[in-house]
Amino acid sequence: MLAYRHAFHAGNHADVLKHLVLDQVLRYMTAKDKPFRYIDTHAGAGGYLLKGAQAQKKAEYREGINRLWSRPDLPEAVADYVHLVQQFNLPAPEPGQPAPVLEKGMTPPLALYPGSPSIARLHARPGDSMRLFELHPSDARTLAAHFGGRQVQVINEDGFAGLKGQVPPTPRRALVLVDPSYELVADYGKVVATMRDAVQRFPEGVYVVWYPQIARVEAAQLPKRLMSLSPKGWLHVRMTVAQTDSQGFGLAGSGLFVINPPYTLHETLQGVMPFLVEVLAQYDGASYLIEEQPA
Ligand code: SAM
């Protein structure tokens, strides 16, 4: 049985990096007039109450989104991401009323954090569609309660196995987020096998794979293994903000490996990573890495 629940980590430094990159890729996908499908192999619950018992346990969001929330000096891409999270924090509209709009200069209190499906939904246009895999029954139920409609499918199944049946989609345009909990060490191998299969079936898809920076050889090797199966371009970004404890435990940082990245992503990240590392650093050695193989 799965023990991992993303609510314990919602809005932490790893979510900030992941969702900032996801936001940038979604902006690129929606800049073109053609519809696309968003496929989330490990969707989580879709949204999280930061005052809830799980998020409060270690209050990881305090060293993540909270450090960015009210800053007046955010670089554009960070401001765009924070703006999305602020929109998610606006009150739900009254029945029959239009959704409230975030006025310029207004900062709502930070009470909720959007999961990746909510970030995708904030960008989705009427012709776009979503496939959301989530294996944990209770998170899948929460997801299904908040995500419905003709264009969205919530699938309470294994996302590694499920991706096979989703690519290539029709029409052939998709963004795939692969964001496992890596609760089981076998997940690292599954990521590589799943990506190898997906890239063969659908080489032009845009894929974003998240991984943790922890003291485990499988985690350190993952980006190199993904490079070897990316036929066209790729981009790898990693942000280290914390020190592991004396036994080597803890999340030092995280990374994202993007296959077929938007051509603008490298420049955008070069502009924002120094700021992000400075603001999210939990020790003096905080750092980042960006590497790329252009298409
Ligand atoms: N993508 C989410 C976000 O950014 O908001 C967070 C996802 S969380 C890191 C990983 C999720 O994967 C957990 O909710 C966990 O229950 C779920 N999970 C674990 N193994 C899975 C599998 N084989 N297939 C689908 N979901 C799985």
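Trainee: How far from a nitrogen atom of the ligand does a backbone N or O atom of Leu135 lie?

Mentor: Good place to start! This is a predicted model, in which local features need pLDDT of at least 70, side-chain atom pairs count only at pLDDT 80 or more, and totals for chains, interfaces and linings use all residues. Residues are numbered from 1 along each chain as its sequence is written, and side-chain values use heavy atoms, without hydrogens or water. For the Leu135 backbone atom and the ligand nitrogen, the distance is 3.2 Å.

Trainee: What share of the ligand's accessible area does the protein cover?

Mentor: Accessible areas come from the Shrake-Rupley method with a 1.4 Å probe; for residues, only the protein chains shown count as cover. On its own, the ligand has 610 Å² of accessible area. Of this, the protein covers 97%.

Trainee: Which residue has a polar backbone atom 2.8 Å from a nitrogen atom of the ligand?

Mentor: Look in the loop between strand E1 (37–40) and strand E2 (47–49); helices (H or I, at least four residues) and strands (E, at least two) are DSSP runs, numbered from the N terminus. The residue there is buried because its relative accessible area is 18%, where buried means under 20%, exposed over 50% and partly exposed in between (1.4 Å probe, protein chains only). The residue with that backbone atom is His42.

Trainee: And which residue places a polar backbone atom 2.8 Å from an oxygen atom of the ligand?

Mentor: This one is in helix H4 (residues 116–123). The residue counts as buried because its relative accessibility is 4%. Contact means heavy atoms within 4.5 Å, and residues up to four places away in sequence are not counted among its partners, which include His19 and Leu177. The name you want is Ser116.

Trainee: Which residue does the UniProt annotation "active site" cover?

Mentor: That annotation comes from an unreviewed entry; UniProt positions are given in the numbering used here, feature names are shortened, and annotations may be inferred rather than shown by experiment. The residue is in the loop between strand E6 (174–178) and helix H7 (186–201), and is buried because its relative accessible area is 11%. The entry's "binding site" annotation covers it too, along with residues including His42 and Ser116. The "active site" residue is Asp179.

Trainee: Which side chain does a polar contact of 2.7 Å join to that of Asp179?

Mentor: A polar contact is a pair of N or O atoms within 3.5 Å; within protein, one must be able to donate a hydrogen and the other to accept it, and residues adjacent in sequence count only if both atoms are side-chain atoms. Leaving aside neighbours within four places in sequence, Asp179 is in contact with residues including Thr41, His42 and Trp210. The 2.7 Å polar contact joins its side chain to that of Lys18.
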